[in-house]
Structure formats: C-alpha cells, structure tokens
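This report describes how the parts of a protein chain meet and where its nonpolar side chains gather.

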Amino acid sequence: MARVSTSALNLFADPIQLTKDLVDIPSPSHHEKEIADAIETALRGLKDATGAELEVARFGNTVCARTNRGHASRVVLAGHIDTVPIADNVPHHIATNDEGEEVMWGCGTTDMKSGMAVYLHAFAELVAGDRAGELAHDLTLIAYECEEVSMEYNGLAHLQQDNPEWLEGDLALLGEPTGGIIEAGCQGTIRIRVTAHGTRAHSARAWLGSNATHTLAKTMAYLNEYTPREVTIDECTYKEGINIVKLESFVATNTIPDIAWMFVNFRFAPDRSTDEAMAHLLEVLHLEPSQERPYDQRDELAEPGAVTFEVDDVASAAMPGLGQPAARALVEAVGGNFRAKYGWTDVARFSEMGVPAVNFGCGDPGFAHKVDEQCPVSQITSVAGELMQYLTSK
C-alpha cells in the first residue's frame, strides 16, 4: 500500500494533492498518531520559517497552530483527522464517474480529509507562503482527534474543557462535508429513555399483572398529537422533531411484560437552550422532572403503572451567526450559498463559547462513512478558492 512519509507532507501542495496525501495516511479513530505527527512536523516547519509569529501546540493527537499578527479579527479553521474504520478503501484512487466528473475515492475523502487539506493549505499559504502578506485575519488551525467515536474522546471537547483559549475567535469554520455550501449552526439533540413499569403475569391470567407495554403506549400516543416547530434564524430554517428511535418490551409469548421502554430523540432549533428543550420535551410527553430516575434502579423505585425517564444524551445547538460581520464576508465569498445544518456537529462547542461557527467543506455528506466514499476533485479546488478569497478580503 502506498504510504506518505510523515516528513514529506507538503502543505503548499495543491489541495488536491494534499488530500491524496492525507487520505493515504490511515487514521481511524484512536489511531491518529501518524497523521498527527505529519501535520505537526509540517506546521513546525512553518514556524521555523516565520519565527515567533506562529505558535504550535499539541495535545495528545490534536495539533493546533495560530498566528498573532495583531489583526482586528480571528478566524478558526478546525477539522477532525480521524476516520471511520478503513474498508479496503485506502490508499485513494481517482477515476471518472458516470457523469464524466473526475472523482477521488477513499476513506476520508469526504469526511473530512479534503476539508482538512483545504484548511491546512490556506493556513500555510497565508502564514508562510507567497500570499502571506494578504492575510486579513489572525488564524487558528485545529486538527483534532477522535470525532467519529464517543464524545469522551473528542479532541475538540478536550480543548474546550482544558485549553479553551484555542477555540477563541470571531468566526469558526468546521470542515465537515457540505458540498461547498455554508451550513450554518446546527440542531441540538436530547435523547431520553422512557420506561413504563408493570407487573409480570401469565397472559392467561392477565388481570393478575400490569402490562407495561400498554402503559407505555399512552405516552407514545402524545407524539401522534405533536406538531413539530419550524423556526427561521438568520434566514436559515430549522425543523424540529421528536421521534421514538428504539422500542423494547418482551418476556415471553405467554407473559405480560413488566418493563417497556423507548428511546425518544428531540432534535431542536438553536434558539432553545438545552434546559428549554428538555422542558419542552417533558411537556410534550406529559412527564415531570420528579419522574427522572436511573433505569438500572427501576425495580426498586417504580410502582406498577408508573412511567419514569432517564437522560441518555444531551448536546446543545449552535446559532448560525450569519449576521456577524466575519460571517457575512464568508457568505459573500461563496456566492450567497448557505442553508441550515440539520443534525449536530462540533460547531456547537464554539457556539457555547460565544463564537459564531459554520460548517464549510468539500464532498456530499451522503457519502460519509460509506465504502465508496468519494469527493469530486473540482469541488476541492472551488472550496479552496472560496476560502482563500474570504481569508484575504479586507
């Protein structure tokens, strides 16, 4: 398999070539050391060329760099360097698709080594390249580990907690695949486990038991009556939704179940805080905060016929922030193409710190994580050009 030497990563190369080089360094989650070494080596090479102007730091396998030129604004370019497990799709290959378009195939081409390549190239060119005199903002670059796995390992989350100064800026761009369109902000998400409690009995003598599934069905019925909200913020329309995403209840085919439970997921618009979103979700399900209790203590704490809940996951939403001056200039650079981001991304971490953030990268997100993951080569070029236009606009 073709490999890229960690000492040979050239940030000044065309972003298409840089994407190839990054893809050809395998970096599934928890195995980012080699690619982090390559990026750190390249960034420290820029520091050697620029002297004290550039600061480089590493935290685990998260690599950061920033300029300190005294510009009036700072833009953060952030992206994850891990991928999902490789599925015989490294190294990359380039071919022409059915539409006659040149396409790069390989793990990470879309999610998100093409976006990372564009960001690294722009950073290098504007810090130590031929266009260093054109930089209109101070820049921070963050290449972080473990985005594709459990939140506890996320490199950006660790930075936010332990070194939050690296996330500070006037606008943050996250290189998630967006097809070259700005996807502003993101939805928040709450997932709760709702449990109905009953008493087990033989189905031939059902009156001796209490059917937990029937009890849970009453709570489920509230969702049939629910009309999700749409809200427009900065000309971006976010659609909310509350849905059952998992449902379980079974003992035996001749037994009344004493436990029935479901995961309910609420995707909420960024004008709600997590507390406001939780209050709304409980209101819709006719639940009270006093009904919260750990699922593993259900037998000790719940009476037959009771319904309880446990919070399984909460992540805040991110405001789009397109009304901010730094964001307006980016919208102009991409020809006014923007939309709301559905789903959750790490832009929320910046939003929590008061930094407007958008998703902006290469590739169709529908190809992320697939065996045939791919990115149009022309899109890498166009996104790189738009980013450079933005970062050099006075």
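How many residue pairs are in polar contact across the interface of domain 1 and domain 2? The rule finds five such pairs, both residues at pLDDT 80 or more; a polar contact is a pair of N or O atoms within 3.5 Å, one able to donate a hydrogen and the other to accept it, and residues adjacent in sequence count only if both atoms are side-chain atoms. The model is predicted, so local features need pLDDT of at least 70 and side-chain atom pairs pLDDT 80 or more, while totals for chains, interfaces and linings use all residues. Residues are numbered from 1 along each chain as its sequence is written, and side-chain values use heavy atoms, without hydrogens and water.

Domain bounds come from an automatic or database domain assignment. Contact means heavy atoms within 4.5 Å.

| Domain | Residues | Residues in the contact |
|---|---|---|
| Domain 1 | 15-185 + 318-392 | 15 residues |
| Domain 2 | 188-315 | 12 residues |

The domain centres, taken over C-alpha atoms, are 37 Å apart. Between them the domains bury about 1,000 Å², 65% of it on carbon and sulfur atoms; this is the accessible area (1.4 Å probe) lost on being put together, summed over both parts. On the domain 1 side, Met319, Tyr342 and Trp344 lose the most area to domain 2, together 41% of what that side buries.

The largest nonpolar core has 64 residues, of which Leu43 and Leu173 touch the most other members. Such a core is a set of buried Ala, Val, Leu, Ile, Met, Phe, Trp, Tyr and Cys residues joined through side-chain atoms within 4.5 Å, where buried means under 20% relative accessible area (1.4 Å probe, protein chains only). This core draws at least three residues from each of domain 1 and domain 2.

Key:
Buried < 20%, exposed > 50% of the residue type's maximum accessible area, 1.4 Å probe, protein only. Buried area = accessible area lost by both parts, 1.4 Å probe.
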